[in-house]
Every structure is written in structure tokens, then in C-alpha cells.
Amino acid sequence: MPQSPIRLAVIIGSTREGRISPTVARWFVEQAAQTGRFEIDLIDVADVEVRPDMSGGPTSVADRLDAAEAYVVVTPEYNHSFPGPLKSLIDAHKPEWRAKPVGFVSYGGVSGGLRAVEQLRLVFTELHCVSVRECVSFHGVWSRFDAEGALQDPTAAEGAAKVMLDQLAWWGKALVDAKAVAPYGV
């Protein structure tokens with residue numbers, strides 16, 4: 001019996017001028033789409049007005065986050081952490097995140113954004129998300145993609161993406177099935 005695709009929200013977490021986040025996110029979305037297991041919604045924090053009520057009709061960010069069954073956050077590392085606008089988006093929501101898996105694609109210099117991921121894991125745990133173990137990390141990101149946005153030497157990153165996507169698909173289905181049997185309580 002074929003499974004329904006997991007609704008995956010891919011969140012671009014940087015708003016800085018000249019950011020490479022959209023390039024990294026496009027690469028990741030291609031990886032996820034190739035599996036055929038995900039229905040993907042790309043949410044760019046730069047395009048979102050973060051307000052406490054997050055109202056705005058059927059396509060509001062709250063509705064899009066709520067509809068998602070799994071998340072991937074694409075984040076840079078700024079000063080050993082993740083961007084403030086991403087934190088504002090995360091904090092403006094609570095029930096939308098609960099009992100769903102989250103994965104991370106990070107980038108930066110030497111650390112590849114892994115310190116930002118460490119902090120995001122703590123934040124999402126508090127919101128009752130399941131953080132998958134594997135992540136994709138781009139060290140020295142500015143030299144990893146060419147002028148057209150193609151990843152140079154993609155083998156390791158593609159392997160990491162596959163493992164992370166396998167974990168997200170498993171947790172996504174497991175949590176959707178569990179919530180169908182018993183609502184998640186907080």
C-alpha cells in the first residue's frame with residue numbers, strides 16, 4: 001500500500017543581504033524532491049512578517065507550519081548561534097511545532113554551522129519536536145557552490161541528506177500514525 005507523502009516545510013533561516021541560504025535551500029529541496037516521499041513547502045523567513053498572532057488567512061505562516069508533518073531548518077551560523085529572525089519565527093508559534101520531526105541543514109565557515117544546530121536542537125526540544133540525529137553541514141560554504149548554484153563535489157552532502165531524509169520520513173510517518181491513534185498532549 002503506497003504511503004502518502006510527508007508534508008515537509010523547509011525553512012530558510014537567514015535574512016541577511018547577500019545570503020547564500022536560498023542556494024543551499026534549493027539544493028536541499030532538490031534532494032528531498034528526488035526521493036518522492038515529501039510534499040515540500042519552502043518558507044523563507046525573509047518573506048515572513050513575524051507578528052505575535054501570525055494571523056493572515058489560509059496561507060499564513062502559522063497555517064503552513066501547522067500543516068507540515070516534518071521540518072528542515074536551513075541555517076547559517078552567526079556568532080556561534082542561529083539568526084535572530086529565525087528565533088522570532090520559532091517563538092511566535094507553539095502548537096504548530098508539537099510532535100513533529102525536525103532536521104537541519106547548516107552552513108558557515110570552519111564549523112559549518114554546527115554550533116547553530118546544537119542550539120536549535122535545544123529550542124526545538126522545548127517545543128516538543130523530535131530532532132533527527134543526522135544533519136547536512138557545509139563547511140566553507142562560499143566555495144562549495146558555483147555561480148549557478150550547483151554544489152561542487154556533492155557526494156558527501158548527498159549522502160548526509162539521504163540519511164537525514166530517511167530519518168525524517170520514518171519519524172514523520174511514525175508521529176502522524178501515533179497522533180491518529182491518540183492526540184499528543186502537553
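Start by selecting strands β1 and β3 in this predicted model, where the two strands pair in the parallel sense over five bridges. Within that pairing, pick out leucine 8 and look across to β3, where the bridge partner of this residue is alanine 70.

Keep β3 selected and turn to its other pairing, with β4: six bridges join these two strands, which run parallel. To see one of the matched positions, select valine 74, whose bridge partner in β4 is valine 105. Then add helix α3, residues 84-91, to the selection, since β3, this helix and β4 make a right-handed β-α-β unit.

Now colour β3 by side chain and view the strand along its length. Ala70, Val72, Val74 and Pro76 point one way from β3, while Tyr71, Val73 and Thr75 point the other way, and all of these residues are buried. Because seven of the seven residues of β3 are buried, the strand is largely enclosed by the rest of the structure.

Next, select the residues of the nonpolar interior. The largest nonpolar core has 28 residues, and those with the most contacts inside it are Leu8, Val24, Trp27, Phe28, Val105, Phe138 and Leu168. The elements that give two or more residues to this core are β1 (6-12), α1 (21-35), β3 (70-76), β4 (101-108), β6 (136-139) and α5 (155-181). The largest share, six residues, comes from α5.

For a closer view of this core, centre on tryptophan 27, one of the residues with the most contacts inside it. Leaving out residues up to four places away in sequence, tryptophan 27 touches Val136, Phe138, Phe145, Leu151, Ala157, Glu158 and Ala161. A second, separate core can be selected afterwards; this one has 25 residues, and Ala9, Val45, Phe104 and Ala116 are among them.

The last stop is aspartate 44, which is found in strand β2, residues 38-44. Is aspartate 44 buried or exposed? With a relative accessible area of 12%, aspartate 44 is buried, because buried residues are those under 20%. Show the atoms of this side chain together with the backbone of alanine 46, and a polar atom of the aspartate 44 side chain will be found 2.9 Å from the backbone nitrogen of alanine 46. Finally, widen the selection to the surroundings: setting aside neighbours within four places in sequence, aspartate 44 is in contact with Ile12, Ser14 and Arg19.

How values were computed: Residues numbered from 1 in each chain as written. Predicted model: local features only at pLDDT ≥ 70, side-chain atom pairs only at ≥ 80, totals over all residues. Heavy atoms only, no water. Helix = DSSP H or I, 4+ residues; strand = E, 2+ residues; numbered from the N terminus. Buried < 20%, exposed > 50% of the residue type's maximum accessible area, 1.4 Å probe, protein only. Polar contact = N/O pair within 3.5 Å; in protein donor to acceptor, adjacent residues only side chain to side chain. Contact = heavy atoms within 4.5 Å. Core = buried A, V, L, I, M, F, W, Y, C linked by side-chain atoms within 4.5 Å. Pairing = 2+ DSSP bridges. Right-handed = clockwise from strand over helix to strand, strands pointing away.
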